[in-house]
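Okay, thanks for coming, everyone. Let me put the model up and walk you through a few spots in it.

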Amino acid sequence: MEEVPLRFEGRPARLRAEGAPGRTVLFAHPFPLDGTCWDELLRGCAGLGWRAAAVDAPGFGGTPALGRPCTMDDLARLFAAALDALGAPSAALVGCSMGGYATMAFWRLFPDRIERAGLLCTQAGADSPEAKEKREQQARAALENGSEAVIAPLAPRMVAKDSPLVGRVRELARTATAQGIADALRGMALRPDSTPDLPRWRARTLVVCGEQDQLIPRAACDSLARNVPGGRQAIVSGAGHLAFLERPDDVMAELRWLLGA
């Protein structure tokens, strides 16, 4: 795995890549994990002949927190900077949950730079007032009591019920800083409704839903797939919100369709 030099807003950001330069696919991680969660899929996509890369959002992994709400537009600009660092004028983007929100923001800001899109266990709608208030409560809890105040109760809900992967989820979230968690939560609460944008999408698009997702309602995932012209929907049996970790072979099979000729 290669570390690719990257700076965002005047500070270093972590970008890792696998595979020879060429066609590029950029992975955007879910909250509150970091880019290492994609390692298995990076290797799989590199095996298909793609330059597969993953970037850490501010406050996660090797990227310092912004110290203010990290909006989905901020993440979209980070992705654009990552593509510049990779020498890629355009790319396929694959994002899970928060990474999916940011991929939709990327399409709004940089439509000519997105060739294909993988939207995993995410939704187009904005937060309800109740969801925004819950995110603010979580942000305050992280800043007052540390990142584990958010990660510990969230980890079991990110996978299918009774999944043995809860410990792995907590391990993959170990680099999340309290400030990064608060910034991301507040940024997600500010995101707009992306539903009106979807009918104008022209990129080949894959929508993946976890059959047992405890965080994204199935109706929201179905609506996302239905509103993207020509979108392909895949329901991953036995998987929760992190379908790509729980059933990596199934998700990789769908990515072969997305990245195929």
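Quick definition before we start: two strands pair if DSSP finds at least two bridges between them, and helices (H or I, at least four residues) and strands (E, at least two) are DSSP runs, numbered from the N terminus. This is a predicted model, so local features need pLDDT of at least 70 and side-chain atom pairs count only at pLDDT 80 or more, while totals for chains, interfaces and linings use all residues. Residues are numbered from 1 along each chain as its sequence is written, and side-chain values use heavy atoms, with hydrogens and water left out.

Right, strand 5. In strand 6 (residues 51–55), L26 has A53 as its bridge partner. Strands 5 and 6 run parallel, joined by 5 bridges. On to strand 7, residues 91–96: that one is parallel to strand 5 too, with 4 bridges, and A28 sits opposite G95 there.

So how enclosed is strand 5, residues 24–28? 5 of its 5 residues are buried (under 20% relative accessible area, 1.4 Å probe, protein chains only), so the rest of the structure largely encloses it. T24, L26 and A28 point one way, V25 and F27 the other. In a regular strand, side chains alternate between the two faces of the sheet.

Now two arginines. R16, in strand 4, is buried at 6%, and its side chain makes a 2.9 Å polar contact (N or O atoms within 3.5 Å, one able to donate a hydrogen, the other to accept it; sequence neighbours count only if both atoms are side-chain atoms) with that of D39. R191 is in the loop between helix 7 and strand 9, and its side chain has a polar contact with the D127 side chain, at 2.9 Å.

How values were computed:
Buried < 20%, exposed > 50% of the residue type's maximum accessible area, 1.4 Å probe, protein only.
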